[in-house]
Amino acid sequence: MEWIPWTVIIGVLLVAAIAGLSIVISKKRAEARGELPKKEAPAVEGVASAELVETAPPVEVEAVEAEVVEPQIAAPLEETALVEPIAPVVPEIEEPEKAASRLARLRRKLADSNNALARALADLLSSDRIDDETWDDFETTLITSDLGVGPTGELVGALRQQLRIDGIADPEQAKDLLRSELIKLVNPDLDRTLKLEHADGAPAVLLVVGVNGTGKTTTVGKLGRMLVAEDKTVLFGAADTFRAAAAEQLTTWGERVGVETIRSDEGADPASVAFNAVEEGINRGVDVVLVDTAGRLHTKVGLMDELGKVKRVIEKKAPVNEVLLVLDATTGQNGLTQARIFAEVVDVTGIVLTKLDGSAKGGIVVQVQRELGVPVKFIGLGEGADDLAPFDAEQFVDGLLGN
Ligand SMILES: Nc1nc2c(ncn2[C@@H]2O[C@H](COP(=O)(O)OP(=O)(O)OP(=O)(O)O)[C@@H](O)[C@H]2O)c(=O)[nH]1
C-alpha cells in the first residue's frame with residue numbers, strides 16, 4: 001500500500017463522489033417529471049410514524065376527499081334539465097249541470113233502477129187479462145213497495161172503477177190512466193221550490209239534518225253545486241264536528257265549485273260552527289249558507305236536543321229558511337219513523353230522498369209526504385256530483401213507468 005500515492009486515492013474518491021451526486025440529482029429530476037413513482041407514505045402506525053404524518057397533514061387529505069365527493073352529489077346537466085318545476089296545486093273549478101237538464105237524465109236513471117213500484121206497474125200493464133187475482137197481486141206489490149196501505153187502496157180502487165166504467169182494454173189507455181192516478185198520489189200541487197228569499201244583509205239559511213249515513217254531506221255538496229249553477233253565491237258550514245272527515249269531505253265538494261267552507265276542529269260545538277258560518281255569510285253578503293249537521297239517531301234524546309240548539313243559535317243571527325231532512329229511500333218504514341221525530345224537533349220543511357237509484361222501493365215518496373205534510377223537494381239518484389234533482393211529480397211517475 002506504501003507505493004500508491006495519496007493524490008491517486010484522493011482523485012478516485014473525488015470521482016466516486018461526483019458520480020454518486022449526479023445519480024441522485026438525475027433521480028430527483030425524473031421524479032419531478034413523473035417518470036418515476038413517488039415514495040408512498042406508510043400507514044400511520046405508532047410513534048415512529050409521527051414524522052410522516054407531519055409531512056402529509058390531514059387537512060390536505062380531507063381537501064382531496066371533498067373534491068372527490070362533490071361531483072358525485074351534483075346531478076348531471078341533462079338530468080337537471082329534465083326536472084319539471086313544481087307548480088302550486090290550484091283546484092280546477094267545475095261548471096255544474098243546470099237543474100233543468102239533470103231532470104231528464106235522472107229520469108232515465110230512475111227507469112233503469114230496480115224499483116219495486118216500477119216493476120209492479122210494469123207487471124200490471126203487461127198482463128193479458130186483468131182479473132181479481134191480478135188486482136190482488138198488484139195490491140200486494142204496491143204495499144211492499146213502501147206506498148203504504150192507504151195510498152195503495154186509493155190507487156187500486158180508482159183504477160178498478162175506471163177500468164170497469166170506461167171499459168178500457170187498450171194497454172196504452174190503461175197506462176195513461178195509471179199515470180194520472182199516480183201523479184195524483186204524488187201530489188203535483190205541493191210547493192217544492194227551495195225557499196231562498198232573504199232579508200237584505202242576511203243570507204238564506206238551509207239546515208240539513210238526518211240520521212247517520214243517509215247522505216247529508218253529499219247532499220249539501222250537490223245542492224251547493226246546483227245553487228252555484230243558478231248563479232247564487234254560497235257558503236258551507238261544516239257543523240258535523242263529530243266526524244272530522246265530514247268537514248274534509250264538504251271542503252272538497254266546495255273547492256270543486258268555488259264554495260268556501262267554514263269549519264272548526266273535530267269535537268267543537270256544532271251550534272257555534274253553524275253560528276260562525278251564518279255570521280261569515282252575513283259579512284260576505286252571500287245568497288245562501290248551507291249548514292251540514294252530524295248524523296244522529298232519532299232515538300237519542302241528547303243528540304236531538306243538540307240539533308234543536310243548533311237551529312236556535314243560528315236564528316240569533318238569521319232566520320232558517322229551510323230544514324231539509326235527508327232520508328235514505330232504501331230504509332223504507334224506518335225512514336218514516338225518523339221523519340216523524342226529526343219533524344217534531346226541528347220543524348222540517350222539505351225532504352231529500354237519497355239513493356233512489358239503488359234498491360229503493362219508490363213508494364216512500366208518497367208515504368213520507370202524507371205522514372209529514374211536507375213535500376219531497378229533491379231526490380238523489382247516485383253518487384255523482386250532479387246526481388241530485390229537484391223533485392217533480394210528473395217526471396218521477398214517468399221515470400217509474402219507464403216513459
Ligand atoms: N247510490 C247513492 N249513494 C248516495 C246517494 N247520496 C249519498 N250517497 C252515498 O251515501 C254515503 C254516505 O253519504 P254521506 O254524505 O257521507 O252521509 P252523511 O249522512 O253525511 O253521513 P254521516 O255524517 O256519517 O251521518 C256515501 O257513500 C255517498 O256517496 C245517492 O243518491 N245514491
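In which sense do β1 and strand β4 (residues 288–293) pair, and over how many bridges? The two strands run parallel to each other and are joined over five bridges; strands are DSSP runs of E with at least two residues, helices are runs of H or I with at least four, and both are numbered from the N terminus. Two strands count as paired if DSSP finds at least two bridges between them. The model described here is predicted, with local features requiring pLDDT of at least 70 and side-chain atom pairs counted only at pLDDT 80 or more, while totals for chains, interfaces and linings use all residues. Residues are numbered from 1 along each chain as its sequence is written.

As a first overview, the secondary structure of the chain consists of 16 helices and eight strands. Of its 403 residues, 36% are buried, where buried means 20 or more other C-beta atoms within 10 Å of the residue's own, exposed means 12 or fewer, partly exposed lies in between, and C-beta atoms are placed from the backbone. Among contacts with a separation of 6 or more, 76% link residues 24 or more positions apart; a contact requires C-beta atoms, placed from the backbone, within 7 Å.

Strand β1 (residues 204–209) is a good place to begin a tour. Six of its six residues are buried, so β1 is largely enclosed by the rest of the structure. One side carries A204, L206 and V208, the other V205, L207 and V209, and all of these are buried. Towards β4, A204 has V288 as its bridge partner, and V205 stands opposite V289. β1 also pairs with strand β5 (residues 320–328), again in the parallel sense and over five bridges, with V208 opposite L324.

Strand β4 can be described in similar terms. Six of the six residues of β4 are buried, so this strand too is largely enclosed by the rest of the structure. Its two covered faces hold V288, L290 and D292 on one side and V289, V291 and T293 on the other. Strand β2 (residues 234–239) pairs with β4 in the parallel sense over six bridges, and there A239 stands opposite T293.

Several of these strand residues return in the largest nonpolar core, which has 85 residues. A nonpolar core is a set of buried Ala, Val, Leu, Ile, Met, Phe, Trp, Tyr and Cys residues joined through C-beta atoms within 7 Å. The members that touch the most others are V205, A274, L290, V291, I314, L325 and L353. Leaving aside residues up to four places away in sequence, L325 touches V209, G210, A339, F342, V348 and I351.

Helix α15 (residues 364–372) has I364, V365, V366, Q367, V368 and Q369 as its buried residues. V368 counts as buried because it has 24 C-beta neighbours inside 10 Å. With residues up to four places away in sequence excluded, V368 touches L327, G335, L336, A339, I351 and V376. After α15 comes G373, with a positive phi near 65°.

Finally, 22 residues surround the ligand, the closest being G215, T217, T218, G295 and G380; a residue belongs here if its C-beta atom, placed from the backbone, lies within 6 Å of the molecule. Helix α10 (residues 216–229) gives the most to this shell, with three residues.

Terms used
Two residues are in contact if their C-beta atoms, placed from the backbone, lie within 7 Å.
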